[in-house]
Amino acid sequence: MNIDKILEYQKIDQELISLENEVVKSKERQNLAVAKSRLDAATETIGKLNVEAADLLAVYASMRSKIDALKAELDEFDGILDDVQDATEADHYLKMVANIADKINSLEKEANSTSEKIKQVNDNYKKTWEAGVKANELCKAAKVEYDAFVKKLQPQVAQIKAQLNALKADIPEKIMTAYVSLRTAKKMPAFVPYDGEHEICSRCRMEIDNNTKSKLRNVGDVAECPNCRRILFVEEKK
């Protein structure tokens, strides 16, 4: 098999990979990632605070409703002792009033505590919102810088892709599919020479089994390395 075209394709594609790595490792990309991370964190926190605030407000409303009901119940005892002559009966009513008053006091304390928590959540919400606004501004600025950096490389990228597309037409689909799969898996170079002298893969340096060796006898023969899955080829001896 003539693999000159895929080897040429791989060599040119390495230039594209280098540019891609340059983008990934650029300070512009890192700055954008940091800004986006801060924005995402603020957005997530705001979402959690919204849920917490809604839960606390529901609890507070329930407490106020119970307090109002107990106060209405307490109002029913207004003047009831005026017509009571029996001391035991009067003591019974007083205990009931005291019990209701205790419940109201207890609920008032809980309601006040919940109100303080709502205030804290509201304060945290405001601070997080402000942090989110700043993070959003930083994210936008970082995106502008990142896009400018990527745009600067576009002419080179376009030129390389044009060369690759021209070569692609002369490369068998099966070979191209194998190459793309290995490139996606970040196993580059994808096509590597078979070290026939030592009977090993020149990339992973692992010994090749007999079945694979049998496929790699003549110049241009190719076979998958059973260890690293790259494509081995027999090159012409210099």
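Visitor: How far apart are the end C-alpha atoms of α4, and what span should its 12 residues give at 1.5 Å a residue?

Guide: This is a predicted model, so treat every figure here as computed from it. The general idea is to multiply the rise of 1.5 Å by one less than the number of residues. For the 12 residues of α4 that gives an expected 16 Å, and the end C-alpha atoms are indeed 16 Å apart, so the two agree.

Visitor: Which residues of α4 are buried?

Guide: Ile175, Met176, Tyr179 and Leu182 are the buried ones in α4. Their directions take up an arc of only 130° around the axis, which means they sit on the same side of α4. Glu173, Lys174 and Thr184, on the other side of α4, are exposed.

Visitor: Let's try the span check on α1. What do its 22 residues give?

Guide: At 1.5 Å a residue, α1 should span 32 Å; its end C-alpha atoms are 31 Å apart, and that counts as agreement. Buried positions in α1 include Ile6, Tyr9, Ile12, Leu16 and Val23.

Visitor: Tyr9 and Tyr179 form an aromatic pair; how do I read its geometry?

Guide: Aromatic ring pairs are described by the distance between centres and the angle between planes. The count for this model comes to three aromatic pairs. In one of them, Tyr9 and Tyr179 are 5.4 Å apart centre to centre with 85° between the planes, which makes the pair edge-to-face. Tyr9 belongs to helix α1 and Tyr179 to helix α4, so the pair ties together parts that are 170 residues apart in sequence.

Visitor: Is Tyr9 buried or exposed? And Tyr179, buried or exposed?

Guide: Tyr9 is buried, at a relative accessible area of 9%. Tyr179 is buried too, with 1% relative accessibility. Together with Phe191, Tyr9 and Tyr179 form one aromatic cluster.

Visitor: What comes after α4 in the chain?

Guide: Lys186 follows α4, and its phi is positive, near 60°. As a general idea, most residues other than glycine have a negative phi, and most peptide bonds are trans. Lys186 lies in the loop between α4 and β1, and it is exposed at a relative accessible area of 73%.

Visitor: Where is Pro189, and what is the peptide bond from Met188 to Pro189 like?

Guide: Pro189 is in that loop between α4 and β1 as well. The peptide bond leading from Met188 into Pro189 is cis, with omega near 0°.

Visitor: Where else could I look for a positive phi? What about Arg229?

Guide: Arg229 has a phi near 70°, again positive in a residue other than glycine. Its place is in the loop between β3 and β4, and at 42% relative accessibility Arg229 is partly exposed.

Visitor: Now the strands. Which strands pair with β1, and in what sense?

Guide: A general point to keep in mind is that side chains in a regular strand alternate between the two faces of the sheet. Here β1 runs parallel to β4, joined by three bridges, and Pro193 has Phe233 in β4 as its bridge partner. With β2, β1 pairs in the antiparallel sense over two bridges. In that pairing, Asp195 stands opposite Ile200.

Visitor: How many residues lie between β1 and β2 in the hairpin?

Guide: Four residues lie between them, and Glu199 in the turn has a positive phi of about 60°. As for burial, β1 is mostly covered, with four of its five residues buried.

Visitor: How many disulfides does the count come to?

Guide: A disulfide is a covalent bond between the sulfur atoms of two cysteines. The count here is zero.

Visitor: Why is there no bond at Cys204 or Cys225?

Guide: The cut-off to apply is 2.5 Å between sulfur atoms. The closest cysteine sulfur to that of Cys204 is in Cys201, 3.7 Å away, so it is too far for a bond. For Cys225 the closest is in Cys228, also at 3.7 Å and also too far. Cys204 is partly exposed at 26% relative accessibility, whereas Cys225 is buried at 0%.

Visitor: One last residue: where is Lys48 found?

Guide: Lys48 is in helix α2, and it is exposed at 55% relative accessibility. Lys48 and Tyr125 are 77 residues apart in sequence, yet 9.6 Å apart in space from C-alpha to C-alpha.

Terms used
Residues are numbered from 1 along each chain as its sequence is written. This is a predicted model: local features need pLDDT of at least 70, side-chain atom pairs count only at pLDDT 80 or more; totals for chains, interfaces and linings use all residues. Side-chain values use heavy atoms; hydrogens and water are left out. Buried means under 20% relative accessible area, exposed over 50%, partly exposed in between (1.4 Å probe, protein chains only). Rings of Phe, Tyr and Trp (its six-membered ring) pair if their centres lie within 6.5 Å; planes under 30 degrees apart count as stacked, over 60 as edge-to-face and the rest as tilted. Two strands pair if DSSP finds at least two bridges between them. The arc is that of the directions from the helix axis to the C-beta atoms.
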